[in-house]
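Subject: A structure for you to explore

Hi there,

Here is the structure I promised to pass on to you. Have a look around it first, and then read on for what turned up.

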Amino acid sequence: MASFPKVKTLTKPIEHPVSIEEAKAQAVIEHSDDDALIDRFIESATDHVQRVTGLSLVRQKKRLYLDGFYSTTYLPNGPVQVIDQVQYIDGDGATQTLSPSIYTFDAVEPFLRLAYGQVWPSHRSEINAVWIDYWTGYYTQGSPESSIDLTVDIPASLKQAILMLVAEYDRGRESQGDVQVYSNHAFDCAIAPHRVYVQ
């Protein structure tokens, strides 16, 4: 029986998928008094869209923990751009870094697989004995890193879903208690093509 993926965010995004100006235009806010609040709305809406779709929008570094090596390992919270490193705990309890020649990576699917003619090394039999660090998000990998545009490749429909949520949060800000976001057909249509289903 497959276990639930254990994923940790190592490096958080340094930008939001949408700007405060875009959010204010969507919510028809014509002043800057509430910019800090709108920024929190954007962060909350982004978290919701990523949770619902299973995607990472802006560039971030993830770590997937495993109890061992598998012939094929699915990397969640894509799109996955590049594998940073694969590490494991050997039989003596020391941390080792796996040579990239041992595995292959398919960014389209995305899966990490054992390379042809290779074998996985022995690892200590314990929880989280293997971990994979990888970069995710909608961006074009470039060099130097400062030249990477972090938001231009994010699908417009996902950006629009975030903007709709921000406007909903703004409309409900005076309500007592937590803001309740009800089913929204336009929101559902915007995110539907991007939902990730793993079998």
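Let's start with one pair of residues: Tyr 88 stands opposite Gln 96 in β5. Please keep in mind as you read that this is a predicted model.

**The strands around that pair**

Strand β5 covers residues 95-97, and β4 pairs with it in the antiparallel sense over three bridges. The two strands form a hairpin with five residues between them, and there Gly 93 takes a positive phi near 90°.

Which other strand does β4 (residues 80-89) join? Its partner is β8 (residues 130-136), which runs antiparallel to β4 and is joined to it by seven bridges. If you want a spot to look at, find Ile 83, which stands opposite Tyr 134 in β8. While you are looking at these strands, it may help to know that side chains in a regular strand alternate between the two faces of the sheet.

There is another hairpin to find, in which four residues join β6 to β7. These two strands also run antiparallel, with four bridges between them. Within this pairing, Thr 104 has Arg 113 of β7 as its bridge partner.

**The whole chain**

Now step back a little. The protein has four helices and eight strands. Read from the N terminus on, the order of elements is β-α-α-β-β-β-β-β-β-β-α-α. Of the 199 residues in the protein, 39% are buried. How much of the contact total comes from residues far along the chain from each other, at 24 or more positions apart? Among contacts with a separation of 6 or more, such residues account for 71%.

**Backbone details worth a look**

Most residues other than glycine have a negative phi, and most peptide bonds are trans. With that in mind, here are some places to check.

- The peptide bond from Gly 78 to Pro 79 is cis, and its omega is near 5°. You will find Pro 79 in the loop between β3 (72-74) and β4.
- The bond from Glu 109 to Pro 110 is also cis, with omega near -15°. Pro 110 has its place in the loop between β6 (103-106) and β7 (111-114).
- Asn 128 is a residue other than glycine with a positive phi, near 60°. It lies in the loop between β7 and β8. Asn 128 counts as partly exposed because its relative accessibility is 25%.
- Val 28 is a residue other than glycine with a positive phi too, near 55°. Its home is the loop between α1 and α2.

**Two residues in one loop**

Stay with the loop of Val 28 for a moment. Is Val 28 buried or exposed? It counts as exposed, because its relative accessibility is 63%, and the cut-off for exposed is over 50%.

Ile 29 is found in the loop between α1 (20-27) and α2 as well. This residue has a relative accessible area of 13%, so it is buried; the limit for buried is under 20%. Which residues does Ile 29 touch, leaving aside its neighbours within four places in sequence? They are Lys 24, Ile 38, Asp 170 and Arg 173. Ile 29 and Ala 167 are 138 residues apart along the chain, yet 9.5 Å separates their C-alpha atoms.

**Helix α3**

Ala 167 is also one of the buried residues of α3, along with others including Leu 158, Ile 162, Leu 165 and Asp 170. This helix spans residues 156-171, which makes 16 residues. From its first C-alpha to its last it reaches 23 Å, close to the 22 Å expected at 1.5 Å a residue.

**A pocket to finish with**

Finally, take a look at the second largest pocket, which holds about 450 Å³ of space. It is lined by 17 residues, and those closest to its centre are Pro 13, Asp 47, Gln 50, Gln 60 and Lys 62. Two elements, α2 (35-53) and β2 (60-66), give two or more residues to this lining. The most comes from α2, which gives five residues. What kinds of residue make up the lining? Four are nonpolar, seven are polar and six are charged.

Enjoy exploring, and write back whenever you like!

Best wishes

Methods: Residues are numbered from 1 along each chain as its sequence is written. This is a predicted model: local features need pLDDT of at least 70, side-chain atom pairs count only at pLDDT 80 or more; totals for chains, interfaces and linings use all residues. Side-chain values use heavy atoms; hydrogens and water are left out. On a 1 Å grid over the protein atoms alone, a cavity is a set of points where a 1.4 Å probe fits but cannot get out, and a pocket is an open set with protein on both sides within 12 Å along at least five of seven lines; lining residues have an atom within 4 Å of a point. Grid points are joined across faces, edges and corners, and a volume is the space filled by probe spheres set on the points. Ala, Val, Leu, Ile, Met, Phe, Trp, Tyr, Cys and Pro count as nonpolar, Asp, Glu, Lys and Arg as charged, and the others, Gly among them, as polar. The expected span of a helix is 1.5 Å times one less than its number of residues. Buried means under 20% relative accessible area, exposed over 50%, partly exposed in between (1.4 Å probe, protein chains only). Contact means heavy atoms within 4.5 Å. Two strands pair if DSSP finds at least two bridges between them.
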